[in-house]
Amino acid sequence: MIEHDIVTHLARFAGALRDREIPVGLADEIDGTRALTLVDVLDRAEVRHALCTALKIQRRHQEQFDELFDRWWVTRSHRTDDRHPRMPSGRSGLARLQDAFWVQQGTVESEGAVGEGDLPGYSPEVLLRRKPFDAYTAPDLLAMERVLARLASKFATRWSRRLVPSRGRGMMDLRRSFRRLLGTGGELVSVARRARAVDQPRLVLLCDTSGSMDTHTRFLLAFVLALKKVARYAEVFAFNTSLTRLTPWLSAGKIGRTIDRLASGVPDWSGGTKIGESLAEFVSKYHNQLVDGRTVVVILSDGLDRGEPGRLVRPMRVIHRRARRVIWLNPLLGDPRYEPTARGMAAALPYVDHFAPAHNLESLERVISLLRT
Amino acid sequence: MRQEIREVQQAMARQGYIAEDEIATAVYLAQQMRKPLLIEGDAGVGKTEVAKVLAGLLDTELIRLQCYEGLDVNTALYEWNYQRQLLRLKIMERDGKSPAELEDIIFGREYLLERPLLQAITRHDGPPVLLVDEIDRADDGFEAFLLEVLSEFQVTIPELGTITAEHIPRVVLTSNQSREIGDALRRRCLYLYIEHPTLEKEVQIIRRKVPDAGERLAEEIARFMQGLRGRELYKVPGVAETIDWARALVELHRDHLDAETVEQTRGCLLKDQHDVQELDTEAVAALVEHALSTDTPAR
C-alpha cells in the first residue's frame, strides 16, 4: 500500500516539474505512483531512478529534475516558487523592429482604402523584386508579403523513401495487385503501383539579429514568418551574442504579441555578434532533436563576427554532417564588391552547401527553389 | 535497495551485463508495470544489449525489428507470399472453383509471411522480447503505427481477421536521438537514458568481457577512456569501442599502456578523421599519463 500523502506529494512534485516546463502529464504521474509502489520508498536513490524512468525525464531535463528532486524528496520542505529569472531586455534596437512591424500592420489595416492588386504609383513586381531591402517603403513591404506568400506555397516538396499507393507510376504493388486479381478470376487486368511519397522538408532557421544586420532583419523575419506558415516543421532561432529560440512565439496570427514578447525575450538585440558561440549553443542544446537527415538548415547572417572565428568551424561541421543541406544567406553578397573575407565567414564556407545572397526578393525566390531539392 | 531489483541486477550480471542501479531499476519497473522501455543514449553505450540480456534473463526468444528510413508495414508486420499464391492459383485454374473458395484457400495462414511485429504477437510459448532497434530512423508515420500495435497488441489482417497477442511481448525500443521521438510514443513507454559508464563500471566491464586483460591493463584502459571522453570529440567512443580496444591490446600481448601502443591502435577508438587528427602525439601522451597515474580520481 502506498501512503496517501506520498501520492499527493508526487502530484505536487509533478506540478513543480511542469512549472519548470518539464513535460509531465497525468498519465506519467500514474506511472510514477505505480513505480513508487514497486520500489523501496525509503531508498532515495532508488526512488529517484524510478521516478526518472516512470516520468520519462529526458536527458536535457535531467539537471533540473535532479535539482528539484533534491529539494522535494529530502526534507519535504514546502514548495517554493521557482520561476525562471526574466532575461534582461535590450529594448533600444528592438524598438525599431517593433516599429517596423507596427507599420506593417498599420498598412494591412488600411489596405481596403488603397485597394487590392495593381496600385498606381507602386513599384511593379518586377522592379520590386530587384529592389534592395534597405530601400523599401511601407507599401513595398505589403506587396512583398503577397509575393512571399505566393512563393512560399511553391515550397515544400521532396520525395520520401516511403512508398505509398499511386496511379500509374512507381513499383508494382503486389499486395494490392493481387487483391484486384481475385475479382477478375485470376486474370491480371491492371497492376497496382506504389511510388515514393511526397515529403515536406523540415526547416531550421537561424537569424542573425545583430546591429550590422539591422536594415535587413525585418524583411528577413517576414520571409521567415512566411516560410513558417507553409512548412509543417520549422524552427526559428535568433542569435547575436547568444541564442534564443523563437519558435514558441511565432504561431500564426499572433504577430503583434510576438513582437512584444520578442522585445523582452531576445537579449542584446542589435548588439554584437558571436556566431561561433551561438551556433555552438545551438549544437549542444537543440541539434540532436531538431536536425536530422531531412532537415534544411538556413543561416541568415552577414558573417561579421566579433567572436573567435575558429569557434565557428566545429558547430558548422556538426550541423553540416547531420543536416540534409546547409544554406547560408548573406545580405552583403548582393553587393558585387563583397567577398567573403570576413574571417568567420571564410572558416564556415567549407561546411555550407549553398552560399546565396539575400538582399532582395529575387534572391529569396531562388532560395525557395534550393529548399525544394 | 529493494531485493527484487538487486536480483535483476545480479541476473543481468550473470548474463554478462554490468547494470548500474538505474538500469536495473528501469528494467525491473518495465517488467512489473508491463510497459515498453524506451532507451536512449550515445552510440555504443549498450542500449541494444539490454534487450538481448533481458531475453536471456527470461529465457525467451528475442525478436528484432531494425528500423530504417522507409520501413513500412509490409516489412514490419506481414506480407503475403505472392509467388506461392500465384502458383496455387495456376494449379487450381481448371478446378472450376468460385472466387470465394479460391480466396479462402490462398489467404490461409500458410501463405502468410510473418514479419517481426506479427511474430512477436503470435508467439505461442510465452512472451518474447521484442526489440525495436533505432526507432529514430523510421519515419514518424511508422511511429504512429507502432503506437497502435504497442497499445492494443492486436493486428487486423483484412483477409484473416483480427489477431490478438496470446502473450504480451516485453518491448524494448532504442533510439540514438537522431530525431526527437514523438510525445505520444514516449508517454506510452518507460524511459531510460544510459550514460557512458563510470570508471569502476568500465573496469568491471573490461574484466568481464575480456578476461585475458590483466587488472592493471583494464584499469589503465578505463582511465584512458574516461579521459578521452572528456575531450571535445565528434564521435565519442562508447563501451563497444573500449571492448574492441581491450581485445586488440590483448591480441598484441600488451599488459600496460604506453603512448606508442595507443597511437598504433587508435583506429579501434576513434572513427572520425578529425578526431584522429585531434588526438596527436601530445594529446596521447597527456592521456596516457593520466591513465597511468593511479591517484587521479575518475574525471
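Buried means under 20% relative accessible area, exposed means over 50%, and partly exposed lies in between. Keep these cut-offs at hand for the exercises on this predicted model.

**Exercise 1. Classify B:Glu4 and B:Arg2, the two partners of a salt bridge.**

Solution.
Step 1. Take B:Glu4. Its relative accessible area is 33%. Partly exposed covers values between 20% and 50%, so B:Glu4 is partly exposed.
Step 2. Take B:Arg2. Its relative accessible area is 26%, so B:Arg2 is partly exposed too.
Step 3. Check the bridge. The closest N and O atoms of B:Glu4 and B:Arg2 are 3.3 Å apart. A salt bridge needs a side-chain nitrogen of Lys or Arg within 4 Å of a carboxyl oxygen of Asp or Glu.

**Exercise 2. Place the salt bridge between A:Glu67 and A:Arg71 in the structure.**

Solution.
Step 1. Find the distance. It is 3.4 Å from N to O.
Step 2. Find the element. Both residues lie in helix H4 of chain A.
Step 3. Find the spacing. A:Glu67 and A:Arg71 are 4 residues apart, about one turn of the helix.
Step 4. Find the exposure. A:Glu67 has 40% relative accessibility and counts as partly exposed. A:Arg71, at 28%, also counts as partly exposed.

**Exercise 3. Explain why the salt bridge between A:Arg59 and B:Glu195 joins two chains.**

Solution.
Step 1. Start with the atoms. The closest N and O atoms of A:Arg59 and B:Glu195 are 3.0 Å apart.
Step 2. Locate each partner. A:Arg59 sits in the loop between helix H3 (44-54) and helix H4 (62-72) of chain A. B:Glu195 sits in the loop between strand S9 (190-194) and helix H10 (199-209) of chain B.
Step 3. Conclude. One partner is in chain A and the other in chain B, so the pair joins two chains.
Step 4. Add the exposure. A:Arg59 is partly exposed at 36% relative accessibility. B:Glu195 is partly exposed at 35%.

**Exercise 4. Describe the interface between chain A and chain B.**

Solution.
Step 1. Count the residues. 47 residues of chain A are in contact with 47 residues of chain B.
Step 2. Give the area. About 4,500 Å² is buried between the two chains, and carbon and sulfur atoms give 51% of it.
Step 3. Name the top three in chain A. A:Leu38, A:Arg175 and A:Phe178 supply 16% of the area that chain A buries against chain B. No other three residues supply more.
Step 4. Count the charged pairs. There are 6 salt bridges between chain A and chain B. One pair is B:Lys35 with A:Asp31, with the closest N and O atoms 2.6 Å apart.
Step 5. Follow that pair outward. A:Asp28, A:Asp31, A:Lys56, B:Lys35 and B:Arg187 are linked in a network of salt bridges.
Step 6. Widen the view. Over all chains the count comes to 28 salt bridges.

**Exercise 5. Find the largest nonpolar core and say which helix gives it the largest share.**

Solution.
Step 1. Recall the general trend. In soluble globular proteins, nonpolar side chains tend to be buried together.
Step 2. Size the core. The largest nonpolar core has 51 residues. Among those with the most contacts inside it are A:Phe13, A:Leu51, A:Trp73 and B:Ile23.
Step 3. Name the helix. Helix H2 (residues 21-33) of chain B gives the largest share, 8 residues.
Step 4. Look for another core. A separate one has 46 residues, among them B:Leu71, B:Tyr82, B:Leu89 and B:Leu185.
Step 5. Zoom in on A:Leu51. Beyond its neighbours within four places in sequence, A:Leu51 is in contact with residues including A:Leu10, A:Phe13, A:Phe65 and A:Trp73.

**Exercise 6. Decide whether A:Val191 and B:Thr122 are buried or partly exposed.**

Solution.
Step 1. A:Val191 lies in the loop between helix H9 (174-183) and strand S3 (193-199) of chain A. At 34% relative accessible area, A:Val191 is partly exposed.
Step 2. A:Val191 also helps make a nonpolar surface patch of about 310 Å². The other members are A:Met172, A:Leu174 and A:Leu188.
Step 3. B:Thr122 is in helix H7 (residues 116-122) of chain B. Its relative accessible area is 11%, so B:Thr122 is buried.
Step 4. Setting aside neighbours within four places in sequence, B:Thr122 is in contact with B:Arg109, B:Glu114, B:Ile163 and B:Glu166.

Note on methods:
Residues numbered from 1 in each chain as written. Chains lettered and ligands numbered in written order. Predicted model: local features only at pLDDT ≥ 70, side-chain atom pairs only at ≥ 80, totals over all residues. Heavy atoms only, no water. Patch = residues over 30% accessible without salt bridge, like charges linked within 9 Å, V, L, I, M, F, W, Y side chains within 5 Å. Areas by Shrake-Rupley, 256 points an atom, 1.4 Å probe, with all protein chains shown as cover. Buried < 20%, exposed > 50% of the residue type's maximum accessible area, 1.4 Å probe, protein only. Core = buried A, V, L, I, M, F, W, Y, C linked by side-chain atoms within 4.5 Å. Contact = heavy atoms within 4.5 Å. Buried area = accessible area lost by both parts, 1.4 Å probe.
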